[in-house]
Amino acid sequence: MAAVGIFCGCQKQEQAFQYNVDKFYDLEILRFDVPEFDQLTLQQKSLIYCLSEASLWGRDILFDQNGRYNLRIRRACEALYGNYPYDKNTDDFAAFERYLKRVWFSNGIHHHYSEDKFLPEFSQEWFVAACEKAGVQYDEAILPVMFDPAVMPKRTTQQDGVDLVAGSAGNYYGEGVTQAEAEAWYDAHKDNSEEPLWIGLNSQLVKNEKGEIEQRVYKVGGLYGEALEHVVFWLKEALKYAENDQQREVIEKLISYNETGDLKTFNEYCIAWVKDLDSRVDFVNGFTETYSDPLGITGTWEAMVNFKDLQATKRAQLISENAQWFEDHSTTDPKYKKEEVKGVSAKVITAAILAGDCYPSTPIGINLPNANWIRKAYGSKSVTIDNLMLAYTEAAKGSGFDEEFMIDEETRAREEQYGALCSNLHTDLHECVGHGSGKLMPGVTKDALKEHASTIEEARADLFGLYYLADPKLVELGLLPNEEAYKAGYYEQMMNGAMTQLKRVELGKDIEEAHMRNRQLIANWVLAHAKGEVEIVEREGKHYMQVNDYEGLRRLYGELLAEIQRITSEGDYAAAKEIVETYAVKVNQELHKEVLERFSKLNIAPYKGFVNPVYTAVKDKDGNITDVKIDFTEGYIDQHLRYSRDYSPLPSVN
Ligand code: ZN
């Protein structure tokens with residue numbers, strides 16, 4: 001989005017959206033735009049407003065789930081931050097501010113990704129003295145938790161030989177509960193029916209005075225009830241603006257589940273949610289992913305409100321509708337083509353607000369529900385979140401990446417103009433038609449390629465997408481503006497596949513992940529088979545991808561597509577193994593070292609998170625919402641201080 005500012009009453013100035021917000025440690029804070037928000041109806045905007053409020057009220061829950069001292073620590077630090085009695089212009093205060101920013105980012109005192117406890121760079125003495133001078137009260141039990149590296153070192157441990165429950169700082173189990181006790185309790189309460197209840201999804205296990213294991217259920221009137229009451233209040237408000245009966249049922253079930261903690265209601269909610277496909281607005285709100293529980297049972301609280309991105313969804317639909325044309329015109333042998341192929345219609349969404357475990361660090365896709373029996377019987381919803389992807393791309397622009405790794409100005413200009421478009425289109429082609437294309441020969445099964453199956457499958461979908469990215473058909477369909485644009489996507493694929501993606505691999509290690517293997521397979525196979533169409537060249541000691549003949553590059557992609565389809569259709573395990581081992585796994589050590597060195601000089605943080613926009617409801621004198629305003633100016637510190645002030649209903653000890 002470009003906001004338009006009026007200058008001198010006559011001049012218009014295009015002001016770029018500010019994606020970059022803040023940077024500290026290994027973290028960067030970005031802002032995301034919410035395109036098309038202004039085009040929503042008042043009803044949809046009001047619904048988003050209420051659901052956003054329901055999202056923000058859960059923030060404390062995640063802090064407490066991540067560790068029982070987290071709320072006490074956050075509140076002590078925030079109180080000191082707001083009442084600091086000395087000059088703030090000191091190294092100690094700067095270190096303190098960085099620590100607090102990190103606590104907000106991690107929703108606690110453990111790194112959001114590594115899960116290791118991070119230690120303050122100011123001393124305990126400094127903290128204690130400053131709190132005393134400022135009159136900040138705190139529980140002294142937080143001091144060793146903050147400052148002693150040996151206390152609660154890991155949020156969730158997966159270490160062999162360690163009691164996973166007692167050895168994890170996460171608060172899914174009360175003090176003194178052991179892994180054996182928790183597992184015994186789950187075993188005794190397990191539901192083995194065909195439509196099982198997810199026992200333990202919404203509860204903490206604690207030890208009572210008699211030493212018995214007891215369950216504390218997350219619900220209104222139960223554990224975290226003070227926060228869930230507010231969530232329920234705003235879900236009830238949201239009901240007034242439901243777009244249709246199906247969505248109304250979703251919200252009603254979720255209210256009832258929060259009020260009762262009844263897991264059967266939760267299953268009904270999940271089923272209603274999967275069936276809600278026609279609404280423009282959608283959301284997640286509750287105890288969802290289970291990675292943070294060392295036993296993988298209890299859900300971590302998260303929320304996200306979103307709405308369908310109509311333009312992008314249309315783009316995906318257009319590709320799906322032409323699935324048969326793509327199938328018929330690809331380079332694969334006719335005997336491997338499907339006579340009748342159906343495109344998959346992927347849904348692309350715009351995130352409106354992130355909360356709980358989706359904030360500030362967030363997933364770029366959603367694939368729910370998690371219960372396998374529901375997925376089998378009712379399906380699942382899988383979406384990509386375009387506006388967050390766009391924020392990552394746009395925010396990276398100032399990093400110097402393009403200047404460092406792209407060979408010349410022409411390539412950089414093309415990337416600037418068409419890069420994001422090509423990347424979106426390639427994803428659509430990959431998802432909507434790539435995976436669904438082609439067929440297996442009689443007698444060949446899906447698992448014929450064994451450990452190489454996913455690399456080959458991803459390569460097949462990627463190549464299908466790459467081949468068609470350069471097809472005049474895309475220009476004809478109005479998906480690309482001209483027959484030059486695709487070159488941005490081609491250059492990106494070659495550069496990333498052969499070079500820049502190596503930044504995510506440790507020096508000396510092989511490539512393991514299937515998508516990364518697939519990308520290197522394609523780039524390195526093409527380089528090995530090219531006769532001048534594309535090459536890696538050296539300029540002043542640095543290596544660059546150089547494409548000399550884009551049409552020739554397309555022919556090479558097409559050739560490889562035909563071979564990868566043949567391998568798949570024939571279930572040719574030996575050929576799959578050969579091609580993967582030759583091109584996809586091993587890394588050129590010299591090049592890898594160079595890439596890592598060049599990256600280290602760039603200004604790129606390994607982890608990114610977001611600030612949310614601020615939604616404000618405009619109401620008439622009767623309290624009816626007449627408009628919802630969206631504002632993007634709030635900074636990182638201000639946002640967290642405001643959330644802690646306005647959305648913090650839980651007691652410090654739960
Ligand atoms: Zn894929």
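## Asp139 and its partner

Asp139 counts as partly exposed, at 34% relative accessibility. In this predicted model, Asp139 forms a salt bridge with Arg72, and their closest N and O atoms are 2.8 Å apart. The two residues belong to distant parts of the chain, 67 residues apart: Arg72 is in helix α3 (residues 70-82), while Asp139 is in the loop between α5 (124-134) and α6 (142-147).

Arg72 has a relative accessible area of 14%. Burial is set at under 20%, so Arg72 counts as buried.

## A bridge between α4 and a loop

Arg98 and Glu121 also meet through their side chains in a salt bridge, at 2.9 Å from N to O. This pair again links distant parts of the chain, with the two positions 23 residues apart: Arg98 lies in helix α4 (residues 91-106), and Glu121 lies in the loop between α4 and α5.

Both partners are partly exposed: Arg98 has a relative accessible area of 30%, and Glu121 stands at 47%.

## A bridge within helix α17

Glu457 and Arg460 both sit in helix α17 (residues 453-469). They are three residues apart, about one turn of the helix, and their side chains form a salt bridge of 3.0 Å, N to O.

Glu457 is partly exposed, with a relative accessible area of 23%. Arg460, at 4% relative accessibility, is buried.

## Network and total

Salt bridges also link Asp60, Arg74, Arg75 and Glu78 in a network. The count for the model comes to 41 salt bridges.

Terms used
Residues are numbered from 1 along each chain as its sequence is written. This is a predicted model: local features need pLDDT of at least 70, side-chain atom pairs count only at pLDDT 80 or more; totals for chains, interfaces and linings use all residues. Side-chain values use heavy atoms; hydrogens and water are left out. A salt bridge is a side-chain nitrogen of Lys or Arg within 4 Å of a carboxyl oxygen of Asp or Glu. Helices (H or I, at least four residues) and strands (E, at least two) are DSSP runs, numbered from the N terminus. Buried means under 20% relative accessible area, exposed over 50%, partly exposed in between (1.4 Å probe, protein chains only).
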